[in-house]
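Got your viewer open? Let's take a walk through this one, a few selections at a time.

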Amino acid sequence: MSKVDWIVLVITLVAIITYGLYKSRTSKDLEGYFLSNRSMPWYLVLLSIMGTQASAITFLSAPGQAFTDGMRFVQYYFGLPIAMVILCVTFVPLFNKLRLFTAYEFLEKRFDLKTRTFTSFLFLLSRGLSTGISIYAPSIILSSLMGWDIFWTNIVMGGMLIIYTVSGGAKAVAYTQQLQLIIIFAGMFVAGYLIVDYLPEGVGFNDALKVSGASGKLNVITTGITENGFDWKDRYNLISGIIGGFFLALSYFGTDQSQVGRYLTAKDNTESRLGLLMNGLVKVPMQFLILLLGALLFTFYQFTPSPVFFNKAVEEKAMQTSYKEELVSVQSQFNTYQTKQQEWSRLYTVDKQEQYKDSIAVGAKQLAGLQKQYKTILTKAVPGADTNDTNYIFLRFVVDFLPKGLVGLLIAIIFLAAWGSIAAALNSLASCTMIDFHQRLQGIQTNNTDPDQCAKEYTQSKYYTLAWGIFCVITAQFASGMGSLIEAVNVLGSLFYGVILGIFLVAFYMKKVQANAVFTAAVIGELIVIGFFLLDRYNIIGLGFLWLNVVGALAVVLLSFVFQLFQRRVVQ
């Protein structure tokens, strides 16, 4: 990067940290540190919810996801608006009425301590691991740009973030997310504008969409239905998005403390509900536009020479090995086909010759085949290297084509997105550790008003935030080679979210089910989900990860009913 880019990057990041510390002034007790004294208006709740979702993975990996697989990933969010309505009717009023710090306190009131502890543990495990992946995502940037060792990059990335998260708590998180999202949306809009502006003369936005569509990248709606019936292994389609996405969203926003903690900061029920409902309205079009960037970027590279592989660091290592000639040979073929593809794209868009639409589709498949062949050789040349370059596609465009200053801003945007989601996650991890384990197991009341005790708990909460920050940095060291990070995070969440949601569904809607039945069902349900995941991983069955949320939730609900029925008969 140029000096100008570094100046823009440093100023932006320092300004965010300073702003977060400035806005973090609040009462030095648990309610101030974790819930901002329950004082936030709905628009800050909305921005905080969105900022917690929209990590660096969203802005770094989603355009690459659309570039490689098309826009069908947007269907993953189709169940979200329905989930928001149910949460506003059922979850929000109860959580606010009980004045909870964490969602899992409710489970002890409804069931018992072991159910609360087990559910909170599942959350801590899933959120701790996924936050580690979220730290790794922006670390890729520095590692790729500067050639730094990813080990030290993860430490630097996590360390900078921990500063204002430990110091400021929930209030610093909410206010910095507000500023972060404004900068992020502005920067992404500029990036999209420049992608279209860089297209050849005579090729406009509509033409870009035509090329993307001809190449199969505008597959926004897919049914998952083939000539052999419904494809259960297909990850993103209308049915899995509405059903599986609904269960995942209901669990994420209703039972994941990183999200529950955002709307518990609201002034009252109305503010919480407005924040959630607006999120349901805004999230799908926002994700659509981010994915559209990837589809437009694909079109851009139909007119401009494209790298056969976007992770430059791995490619350079491979070129130092005995596989160099094979790589150069495939690269040469790729360049030849790409020249043809550029000509076909020009004839289709500029000269309006519709017959070249099919040629573009065929050419896209040929180029994808050569890229796959190239990655196979890279695997041999650099064993253990991450040959999934989805996360590098948008980054490579930013570095190679954007003007000085804007590169630094876009890099800063990815950092800001990472910090917003990770900070909220660390705050929620610390709150669960403090409330559900430290205080509960020591028999300390959460509504304690003793000044000395409040100050002690406030300090302990900061230490827990620091500890989780260190844990997540360690986890980030093992995140390499996970492929598309946006998929990896959602797959990981789907291993736990269904079971957690099932416990809450039983708590809300199955009043006769008691603690032992739901606890046993939850443990067995989690084992069932892990079993389905392993069967799918080893290709014994085919089941897209979104369905794991449905499996987990239904397993807990059905098994709870059966075990409670069995217990009654034993008692009788």
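What follows is a short tour with stops at a helix crossing, some aromatic rings and a couple of cysteines. Keep in mind that you are looking at a predicted model.

**Stop 1: two helices that cross**

Start by selecting residues 205-214, which make up helix H9, and residues 269-303, which make up helix H12. At what angle do H9 and H12 pack? It is about 90°, and the axes are 9 Å apart. Angles of 65 to 115 degrees count as roughly perpendicular, so that is the label for H9 and H12.

Now show side chains where the two helices touch. From H9, pick Phe205, Ala208, Leu209, Val211 and Ser212. From H12, pick Leu292, Ala295, Leu296, Thr299, Gln302 and Phe303. Colour the contact of H9 with H12 by residue type and you get 8 nonpolar residues, 3 polar and no charged.

**Stop 2: an aromatic pair on H12**

Stay on helix H12 and select phenylalanine 300, then add phenylalanine 401 from helix H16 (residues 393-401). A pair of aromatic rings is described by the distance of the centres and the angle of the planes. Here, phenylalanine 300 and phenylalanine 401 sit 5.0 Å centre to centre with 85° between the planes, an edge-to-face pair. The two residues are 101 apart in the chain, so this pair links distant parts of it.

Switch on a surface and compare the partners. Phenylalanine 300 is buried, with a relative accessible area of 2%, while phenylalanine 401 is partly exposed at 27%.

**Stop 3: the neighbouring pair**

Next, select tyrosine 301 and phenylalanine 310. Are these residues buried or exposed? Tyrosine 301 is buried at 2% relative accessibility, and phenylalanine 310 is buried too, at 3%. Their ring centres are 5.6 Å apart and the planes meet at 70°, so this pair is edge-to-face.

**Stop 4: zoom out to the cluster**

Which residues do ring pairs link into a cluster here? Select Phe67, Tyr198, Phe298, Phe300, Tyr301, Phe310, Phe397 and Phe401 together to see them. If you fancy hunting for others, the count for the model comes to 35 aromatic pairs.

**Stop 5: the cysteines**

Finish with cysteine 432 and cysteine 472. Cysteine 432 is buried, with a relative accessible area of 0%, and cysteine 472 is buried as well, also with 0%. How many disulfides does a search of the whole structure find? The search turns up 0.

Notes. Residues are numbered from 1 along each chain as its sequence is written. This is a predicted model: local features need pLDDT of at least 70, side-chain atom pairs count only at pLDDT 80 or more; totals for chains, interfaces and linings use all residues. Side-chain values use heavy atoms; hydrogens and water are left out. A disulfide is a pair of cysteine sulfur atoms within 2.5 Å. Buried means under 20% relative accessible area, exposed over 50%, partly exposed in between (1.4 Å probe, protein chains only). Axes are lines fitted to C-alpha atoms, for helices over the stretch in contact, and angles run from 0 to 180 degrees between N-to-C directions. Helices (H or I, at least four residues) and strands (E, at least two) are DSSP runs, numbered from the N terminus. Angles under 35 degrees count as roughly parallel, over 145 as roughly antiparallel, 65 to 115 as roughly perpendicular and the rest as oblique. Contact means heavy atoms within 4.5 Å. Ala, Val, Leu, Ile, Met, Phe, Trp, Tyr, Cys and Pro count as nonpolar, Asp, Glu, Lys and Arg as charged, and the others, Gly among them, as polar. Rings of Phe, Tyr and Trp (its six-membered ring) pair if their centres lie within 6.5 Å; planes under 30 degrees apart count as stacked, over 60 as edge-to-face and the rest as tilted.
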